[in-house]
Amino acid sequence: MKTTLITALGFALLSAAGAHADHEHADHKMEHGQQMAMHADAVYEIGVLHIENAFSRASLPNQPVGGGFFTVTNTGAEDDRLISASTSPERADHMEIHEMAMDGQVMKMRELPDGLPIPAGETVELKPGGFHLMMMGLKQPLVEGESVTISLTFEKAGTIEIPLAIGAPNAKGGTAQGHMTHGN
Ligand SMILES: [Cu+2]
């Protein structure tokens, strides 16, 4: 009997440890270790927007820029738009919202001057090779296992600060695997 009780308690504690250990994360395939960093499982909510899988990648020596990635779901009935992102001036000069697009035969990144639409009822993924945030003029290296706090401003939902868990230089984040929609 005692064993059963302890097991149940242990399970409850483990469940409570995840920020939002809810349905969507129960079957998430990521193994502990490697790309898993402290906040990778957290879900942040601002109004009707749910933000998860927020991560960055460790920078290489002298790398001038750093990426920022997350998945945002608009559970509301109105379209919204990510209009800006920022981080502390000790970390980088400024941040931009980028997309990858073909320029002739070459895939290049470019800034989205009007921001990134987050349509009602849809999920938008910022990920390596697709939409992403970019810290321009990095002033400190991004160190794997640490996190960097950024601020996101949405046209309707407002501004939220979230930590990006810094993974390996090739980190793809927790939910990016199996969603490789960009061809080469
Ligand atoms: Cu970029």
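**Copper site, salt bridges and nonpolar core**

In the predicted model, E99 counts as buried, since its relative accessibility is 14%, a value under the 20% limit for that class. The side chain of E99 meets that of R110 in a salt bridge, with an N to O distance of 2.6 Å. Because E99 belongs to strand β5 and R110 to strand β6, this pair ties together parts of the chain that are 11 residues apart in sequence.

A search of the whole structure finds 3 salt bridges. In general, side chains of opposite charge can pair when their charged atoms come close. Besides the pair formed by E99 and R110, a salt bridge is found between K108 and D103, whose closest N and O atoms are 3.3 Å apart. K108 counts as partly exposed, with a relative accessibility of 44%. D103 likewise counts as partly exposed, at 44%. A further salt bridge joins the side chains of K139 and D93, at 3.3 Å from N to O. This pair links distant parts of the chain: D93 lies in strand β5 (residues 92–103), whereas K139 lies in the loop between β9 and β10 (147–154), 46 residues apart.

The copper ion is bound by protein donors from two histidines and two methionines, namely H98 (ND1), M109 (SD), H132 (NE2) and M134 (SD). These donor atoms lie 2.0 to 2.6 Å from the ion. The angles among the 4 donor atoms run from 94 to 124 degrees, and the site is tetrahedral. For comparison, the ideal angle for four tetrahedral donors is 109.5 degrees. Along the sequence, the donor residues follow the spacing H-x10-M-x22-H-x1-M. Two of them, M109 in strand β6 (residues 106–111) and H132 in strand β9 (residues 132–138), link distant parts of the chain, being 23 residues apart. H132 is buried, with a relative accessible area of 5%, whereas M109 is partly exposed, with a relative accessible area of 40%.

The largest nonpolar core contains 31 residues. In soluble globular proteins, nonpolar side chains tend to be buried together. Within this core, I51, F70, L133, L152, F154 and I162 touch the most other members. The contacts of L133 illustrate the surroundings of one such residue: when residues up to four places away in sequence are not counted, L133 touches G66, G67, G68, F70, L82, A85, M95, E96, I97, L126, I150 and L152. Among these contacts, F70 and L152 are also listed with L133 as core residues that touch the most other members.

Technical notes: Residues are numbered from 1 along each chain as its sequence is written. This is a predicted model: local features need pLDDT of at least 70, side-chain atom pairs count only at pLDDT 80 or more; totals for chains, interfaces and linings use all residues. Side-chain values use heavy atoms; hydrogens and water are left out. A nonpolar core is a set of buried Ala, Val, Leu, Ile, Met, Phe, Trp, Tyr and Cys residues joined through side-chain atoms within 4.5 Å. Buried means under 20% relative accessible area, exposed over 50%, partly exposed in between (1.4 Å probe, protein chains only). Contact means heavy atoms within 4.5 Å. Donors are N, O and S atoms within 2.8 Å of the metal (3.2 Å for Na, K and Ca); water is not among the atoms, so sites may look incomplete. Four donors count as tetrahedral if all angles lie between 85 and 135 degrees; four count as square planar and six as octahedral if opposite donors are over 155 degrees apart and all others between 65 and 115; anything else is irregular. Helices (H or I, at least four residues) and strands (E, at least two) are DSSP runs, numbered from the N terminus. A salt bridge is a side-chain nitrogen of Lys or Arg within 4 Å of a carboxyl oxygen of Asp or Glu.
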